[in-house]
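This report goes through the cysteines, the helices and the overall fold of one protein chain, for a reader who has the coordinates at hand. Please keep the structure open while reading.

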Amino acid sequence: RVVILNILILSCIGFICSVYLFIVEQKVKQDPLYKASCDISDKFSCTKPILTPYSKLFFISNALLGMVFYMIVGILALIDQTTLIFYISIPACLVSIYLALISYLKIEVFCIVCTIIYLINISILFLSYLNL
């Protein structure tokens with residue numbers, strides 16, 4: 001039960017982070033000069049990755065996909081379906097690793113909110129594996 005509770009808490013935090021990034025994304029679309037609170041410098045920014053083509057998967061915002069993913073994980077946690085959580089967390093982690101590499105190596109920016117999301121995805125995968 002502790003594992004399920006932790007997955008539920010992580011999915012809530014992931015959902016909140018995704019909502020925040022979605023809001024930032026919408027504000028940046030309206031005003032390209034918008035400076036989010038997570039923009040500390042040119043190298044520590046969450047708006048910089050949002051302005052790249054990597055912020056979308058199949059023309060859908062990564063933040064929006066994140067919100068859907070965390071809602072599904074939360075619902076699955078509530079009905080004790082950690083096996084399903086494990087299997088849907090694998091592609092989420094693979095995408096997280098890909099986006100982290102793009103962010104850190106190609107765009108050369110550290111997005112604190114994105115990094116929190118990457119760590120949440122890895123943690124959910126690990127916790128769901130422990131509960132198999």
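## A bonded pair of cysteines

In this predicted model, Cys111 and Cys114 form a disulfide, with 2.3 Å between their sulfur atoms. The torsion about the S-S bond of this pair is about 70°, so the disulfide is right-handed. Both partners, Cys111 and Cys114, are buried; for Cys114 the relative accessible area is 13%, and because the cut-off for buried is under 20%, Cys114 falls in that class.

Cys114 is found in helix 5, a helix that covers residues 112–130. Cys114 and Ser18 are separated by 96 residues in sequence, yet their C-alpha atoms are 8.6 Å apart in space.

## The other disulfide and the free cysteines

The structure holds two disulfides, and the second one to be described here joins Cys38 to Cys46, with an S to S distance of 1.5 Å. Cys38 is buried, with a relative accessible area of 8%, and Cys46 is buried as well, with a relative accessible area of 0%. When the bonded cysteines are counted along the chain, the disulfides follow the pattern 1-2, 3-4.

Why is there no bond at the sulfur of Cys12? The closest cysteine sulfur, in Cys17, is 11 Å away from the sulfur of Cys12, which is too far for a bond, because a disulfide requires two cysteine sulfur atoms within 2.5 Å. For the sulfur of Cys17, the closest cysteine sulfur is in Cys114, at 9.4 Å, and this too is too far for a bond. As to their surroundings, Cys12 is partly exposed, with a relative accessible area of 42%, whereas Cys17 is buried, with a relative accessible area of 11%.

## Helix 1 and what covers it

Helix 1 comprises the 29 residues from 2 to 30, and at 1.5 Å a residue it should span 42 Å; the C-alpha atoms at its ends are 42 Å apart, which agrees with that expectation. Which residues of helix 1 are buried? They are Val3, Ile4, Ile7, Leu10, Ser11, Gly14, Cys17, Ser18, Leu21, Val24, Glu25 and Val28. The cover over these buried residues includes helix 2 (47–50), helix 3 (62–78), helix 4 and helix 5, together with strand 1 (56–57) and strand 2 (60–61).

## The nonpolar core

In soluble globular proteins, nonpolar side chains tend to be buried together. In this model, the largest nonpolar core has 30 residues, and those with the most contacts inside it are Ile7, Leu21, Ile85, Val113 and Ile124. Helix 1, helix 3, helix 4 and helix 5 each supply at least two residues of this core, and helix 1 gives the most to it, with eight residues.

Val113 offers a more local view of the packing: if residues up to four places away in sequence are not counted, Val113 touches Cys17, Tyr20, Leu21 and Cys38. Among these neighbours, Cys17 and Leu21 are buried residues of helix 1, while Cys38 is a partner of Cys46 in a disulfide.

## A residue of helix 4

Leu84 is found in helix 4, which runs over residues 82–107. Leu84 is partly exposed, with a relative accessible area of 43%; because exposed means over 50% and buried means under 20%, this value lies in between. The C-alpha atoms of Leu84 and Tyr118 are 19 Å apart in space, and the two residues are 34 residues apart in sequence.

## The chain as a whole

The protein chain has five helices and two strands, and from the N terminus on its elements run α-α-β-β-α-α-α. Along the principal axes, the C-alpha trace spans about 45 × 25 × 25 Å. For 132 residues, a compact globule would have a radius of gyration near 14 Å, and the protein chain, with 15 Å, agrees with this.

Of the 132 residues in the protein chain, 43% are buried. Among the contacts with a separation of 6 or more, residues 24 or more positions apart account for 70%. The accessible surface of the protein chain comes to about 7700 Å², and 76% of it belongs to carbon and sulfur atoms.

Technical notes: Residues are numbered from 1 along each chain as its sequence is written. This is a predicted model: local features need pLDDT of at least 70, side-chain atom pairs count only at pLDDT 80 or more; totals for chains, interfaces and linings use all residues. Side-chain values use heavy atoms; hydrogens and water are left out. Buried means under 20% relative accessible area, exposed over 50%, partly exposed in between (1.4 Å probe, protein chains only). Helices (H or I, at least four residues) and strands (E, at least two) are DSSP runs, numbered from the N terminus. The expected span of a helix is 1.5 Å times one less than its number of residues. Contact means heavy atoms within 4.5 Å. A nonpolar core is a set of buried Ala, Val, Leu, Ile, Met, Phe, Trp, Tyr and Cys residues joined through side-chain atoms within 4.5 Å. The radius of gyration is taken over C-alpha atoms; the globule rule is 2.2 Å times the number of residues to the power 0.38. Accessible areas come from the Shrake-Rupley method with a 1.4 Å probe; for residues, only the protein chains shown count as cover.
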